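Colleague: I should like to learn how to read a model of this kind, feature by feature. May we begin with the setting of a single residue?

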Amino acid sequence: MILFLADGKQIRGDLIKSAVLRSDLAPVPMTLEADIRAGDAGLDKLLAEGQKLSISSGDALHIVKSVRVAERSTQGTREMAGFRITALLESCLGVAYVRSRAIIKESAALSAIYKAAGATIKAVDADFPVPRFYCPVGETPTFHVARVLQEEGGVVRWKAGRLQFVRLPDLFKQAPVKTLPDNASDDVDGGFLERHEVPWFFSLDANGAAVFGNREKPRTVRYAPFKDAQRLRNMTRCLVHRKTVRIDYDGRIGAGDLIAFAGGEKLVVVTAAHAFGSGTDDGGASDTYTRLWLGALEE
C-alpha cells in the first residue's frame, strides 16, 4: 500500500507494519487504519493528530487519532517507536464530528447539508433535495445523513474522487467489475434476523389517516412521522449481507461496485477492506489482500 505524508514524501514500505483502507457505503465513505514505525526523522510530527495522509489515487485523509506505541525489534534488544493511526476522508470529515451548533435545513440539497456540517466536497453526483433535515446540538451529522439516505432509498459512495448518490436498485444495473467462482465466498443466511431488524413503517397524513409502507412480509413495525408512502417503502429497502469473500489485493474495487458470480448471481460491495501487512515483524513475506462484504437488495 502506498501512503504519502503531508509534505508529499512517500512512507517507506518497510515502515508500514500494517494498514487497512476501507471503502464503505456510509456518509464518510473512506477510512484508514495503520501501524507505522517512526523510522525517519520528522515522521513523528507528520503522523500526529490533525495531519494529513494521501493514497495513490490522490484522495486525502485526515488523521483523527494517533497513538504512540513502542515495541521490541526483531532481535528483542531495542525498542522501536511507532504510531497507530486512524484517518478519515478529508473532504467528508466535518460530518463525523459532534455538533456544537444545530443544523436545520428545509428543501436543501444533500451537498448543502454536507457543507453545512463542515465538509469540503464541491458537489454530490446525482444530488437531490431533502425536504427536512435537522441535527441537534450534541449529535453527529452522519447519523442524520444516513437517515436521509434511507428515506431516499439510496446510498453515497466515493468514486473517482467524487461523492456519488446512487439509488439501491441502480447499483444492480451496473456492469460487474469482477467475476468470481461460486465457491470463492462464505455465505451468510440471516433470514430470521431480517424479520426483526428490517421493519416496515407507517405514518399519518394531514387528515390523520394511516399511510403504510411495504408490509408484504411479516416484520416488526415502526412509526415514522411526516412521511409519504414512497419514503416509507424506501425506508424498508436495504442491502442485506449475503457473502464475504477474500481475493487478491485489488485497490480498484470500492463500495457500491457490482460483483458477479459464475452461477449468475450479482451482489453489491457494501464494504471493501484493502489490507497490507509488511511482514517485517517476523521476517516473513508481506501479506496483501482485499476482503469484500457483499449484499443483496431486500425490498
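Modeller: Let us take T236, which lies in helix α6, residues 229-236. Please bear in mind that this is a predicted model.

Colleague: Is T236 buried or exposed?

Modeller: Burial is judged by relative accessible area, and a residue under 20% is called buried. T236 has a relative accessible area of 0%, so it is buried.

Colleague: With which residues is T236 in contact, leaving aside its neighbours within four places in sequence?

Modeller: T236 is in contact with V198, P199, W200, F201, N214, R219, E298 and E299.

Colleague: How should I read the sign of a phi angle?

Modeller: Most residues other than glycine have a negative phi. Two alanines here depart from that sign. A126 has a positive phi of about 60 degrees, and phi of A160 is near 55 degrees, also a positive value.

Colleague: Where do A126 and A160 lie?

Modeller: A126 belongs to the loop between β8 and β9, the latter being residues 129-135. A160 is in the loop between β10 and β11, a hairpin with two residues between the strands. A residue over 50% in relative accessible area counts as exposed. A126, at 51%, is therefore exposed, and A160, at 78%, is exposed as well.

Colleague: In which sense do the strands around these loops pair?

Modeller: Strand β10 (residues 154-159) and β11 run antiparallel and are joined by six bridges. Strand β8 (residues 124-125) pairs with β11 (residues 162-167) in the parallel sense, over two bridges. L163 of β11 serves as bridge partner to W158 and also to V124.

Colleague: How does one describe the interface between two domains?

Modeller: The size of an interface is often given as the accessible area lost when the parts come together. The domain assignment of this protein gives domain 1 (3-90), domain 2 (98-169) and domain 3 (174-298). The contact between domain 1 and domain 2 takes 10 residues from domain 1 and 11 residues from domain 2. Between them, domain 1 and domain 2 bury about 750 Å², with 71% of it on carbon and sulfur atoms. In domain 1, L25, P27 and P29 lose the most area to domain 2, together 59% of what that side buries.

Colleague: How many salt bridges and polar contacts cross this interface?

Modeller: Zero salt bridges are found across the interface of domain 1 and domain 2, while two residue pairs are in polar contact between these domains.

Methods:
Residues numbered from 1 in each chain as written. Predicted model: local features only at pLDDT ≥ 70, side-chain atom pairs only at ≥ 80, totals over all residues. Heavy atoms only, no water. Pairing = 2+ DSSP bridges. Helix = DSSP H or I, 4+ residues; strand = E, 2+ residues; numbered from the N terminus. Buried < 20%, exposed > 50% of the residue type's maximum accessible area, 1.4 Å probe, protein only. Contact = heavy atoms within 4.5 Å. Domains from an automatic or database assignment. Buried area = accessible area lost by both parts, 1.4 Å probe. Salt bridge = Lys/Arg side-chain N within 4 Å of Asp/Glu carboxyl O. Polar contact = N/O pair within 3.5 Å; in protein donor to acceptor, adjacent residues only side chain to side chain.
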